[in-house]
Amino acid sequence: MGDEGEGLIEHLTKKYGASATKSFGDPNSSMARMGRAVGINFNNDRKIYNTKKAYALVEHIKATDNDKANELMENLYGLYFEKGDDISDMAKLVEAAEKVGISADEAKAAMVEKNQIDVIKKDRLVKSQWGVSGVPYYVIEQNDGGKPVTFSGAYPVDFIAGELEKASA
C-alpha cells in the first residue's frame with residue numbers, strides 16, 4: 001500500500017471479496033451497532049493507511065506510561081475510525097502525542113524506521129509465542145494468577161464484558 005492509502009471499501013473488497021462490504025451502508029449492521037454501544041460512530045468513507053509509525057509510537061509510550069499510551073490510542077481511534085484522518089501522517093501523530101504530554105522530539109524519535117522495525121519484530125515474536133492468528137486478539141489475565149483467557153475475533157461487548165468479569169472474580 002502506498003503512502004496515499006487505499007479506500008476502505010476498495011481495500012476490503014480486494015482482500016475479502018465484495019460480500020465483506022455489503023453491510024457498510026447499513027446503520028443496523030453488527031459493526032455499527034457494536035460501535036455505537038461504546039460511543040464510536042464509524043466513518044466508512046475513509047482510507048486504510050500503513051500504521052507502522054503509529055504502532056511504534058504507541059509501543060514506545062507504553063513502555064514508560066501505559067495510561068498515556070491508552071489515552072493516545074483512544075485519540076488515534078477517534079481520528080481514524082470516526083474522522084477518517086491519515087494516521088500515518090507524522091505531523092498528525094506528533095500532534096496526538098503532544099496532546100497526551102509527549103514531546104514532539106520524543107514522538108519523532110519513537111517513529112524512526114529502525115524503531116518501527118524493532119517494534120514489529122518484537123510484536124511478531126510475542127504473537128507467535130501466544131499463538132495469535134487473527135485480530136483483534138485478547139489476553140485477559142486472571143486476578144487469581146490462573147492461566148490467561150485468550151480469544152481472537154470481533155465479539156459482542158457483552159461477551160467481552162463477561163470474560164472480564166470472570167477474570168476479576
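Student: Is Tyr 155 buried, partly exposed or exposed, and what is its relative accessible area?
Tutor: This is a predicted model, so the value is computed from its atoms. Partly exposed covers the range between 20% and 50%. Tyr 155 falls in that class, with a relative accessible area of 31%.

Student: What is the geometry of the aromatic pair of Tyr 155 and Phe 159?
Tutor: The ring centres of Tyr 155 and Phe 159 are 4.5 Å apart, and the planes make an angle of 20°. Planes under 30 degrees apart count as stacked. Phe 159 is partly exposed, at 32%. The Tyr 155 and Phe 159 pair is stacked.

Student: How many aromatic pairs does the structure hold?
Tutor: Ring centres must lie within 6.5 Å to pair. With that cut-off, the structure holds seven aromatic pairs.

Student: Why is the pair of Tyr 138 and Phe 151 classed as it is?
Tutor: The centres of the two rings, Tyr 138 and Phe 151, are 4.7 Å apart. Their planes meet at 25°, so the pair is stacked.

Student: Which strands hold Tyr 138 and Phe 151, and how many residues apart in sequence are the parts they tie together?
Tutor: Tyr 138 sits in strand S3, residues 137-140. Phe 151 sits in strand S4, residues 149-152. The pair therefore ties together parts whose separation in sequence is 13 residues.

Student: Is Phe 151 buried or exposed?
Tutor: The cut-off for buried is under 20% relative accessible area. Its partner Tyr 138 is partly exposed at 23%. Phe 151 has 8%, so the class is buried.

Student: Which residues form one aromatic cluster?
Tutor: The cluster joins Phe and Tyr side chains. Its members are Phe 42, Tyr 77, Tyr 80 and Phe 81.

Student: Which helix gives the most to the largest nonpolar core?
Tutor: That core has 24 residues, and Leu 57, Leu 72, Leu 76 and Ala 107 have the most contacts inside it. Helices H1, H3, H4, H5 and H6 each give two or more residues to this core. The one that gives the most, with five residues, is H4.

Student: Which residues does Leu 76 touch, leaving out those up to four places away in sequence?
Tutor: Leu 76 is among the residues with the most contacts inside the core. In soluble globular proteins, nonpolar side chains tend to be buried together. Leu 76 touches Ala 54, Val 58, Ile 87, Leu 93 and Ala 96.

Student: What accessible area do Val 126, Trp 130 and Val 139 have together?
Tutor: These three residues form a nonpolar patch on the surface. Val 139 lies in strand S3 and is partly exposed at 35%. Together the patch has about 230 Å².

Student: Which residues are joined into one network by salt bridges that share partners?
Tutor: The structure has eight salt bridges. Glu 6 meets Lys 14 at 2.6 Å, N to O. Glu 10 meets Lys 14 at 3.4 Å, and both lie in helix H1, four residues apart. The network is Glu 6, Glu 10 and Lys 14.

Student: Is Glu 6 buried or exposed?
Tutor: Lys 14 is exposed at 61%, and Glu 10 is partly exposed at 44%. Glu 6 has 13% relative accessibility, so this residue counts as buried.

Student: What is the N to O distance between Glu 163 and Lys 166?
Tutor: Both lie in helix H8, three residues apart, so about one helical turn separates them. Glu 163 is buried at 12%, whereas Lys 166 is exposed at 55%. Their side chains meet in a salt bridge, with an N to O distance of 3.0 Å.

Key:
Residues are numbered from 1 along each chain as its sequence is written. This is a predicted model: local features need pLDDT of at least 70, side-chain atom pairs count only at pLDDT 80 or more; totals for chains, interfaces and linings use all residues. Side-chain values use heavy atoms; hydrogens and water are left out. Rings of Phe, Tyr and Trp (its six-membered ring) pair if their centres lie within 6.5 Å; planes under 30 degrees apart count as stacked, over 60 as edge-to-face and the rest as tilted. Buried means under 20% relative accessible area, exposed over 50%, partly exposed in between (1.4 Å probe, protein chains only). A nonpolar core is a set of buried Ala, Val, Leu, Ile, Met, Phe, Trp, Tyr and Cys residues joined through side-chain atoms within 4.5 Å. Contact means heavy atoms within 4.5 Å. Patches are made of residues with over 30% relative accessible area and no salt bridge: like charges are joined within 9 Å, nonpolar side chains (Val, Leu, Ile, Met, Phe, Trp, Tyr) within 5 Å. Accessible areas come from the Shrake-Rupley method with a 1.4 Å probe; for residues, only the protein chains shown count as cover. A salt bridge is a side-chain nitrogen of Lys or Arg within 4 Å of a carboxyl oxygen of Asp or Glu.
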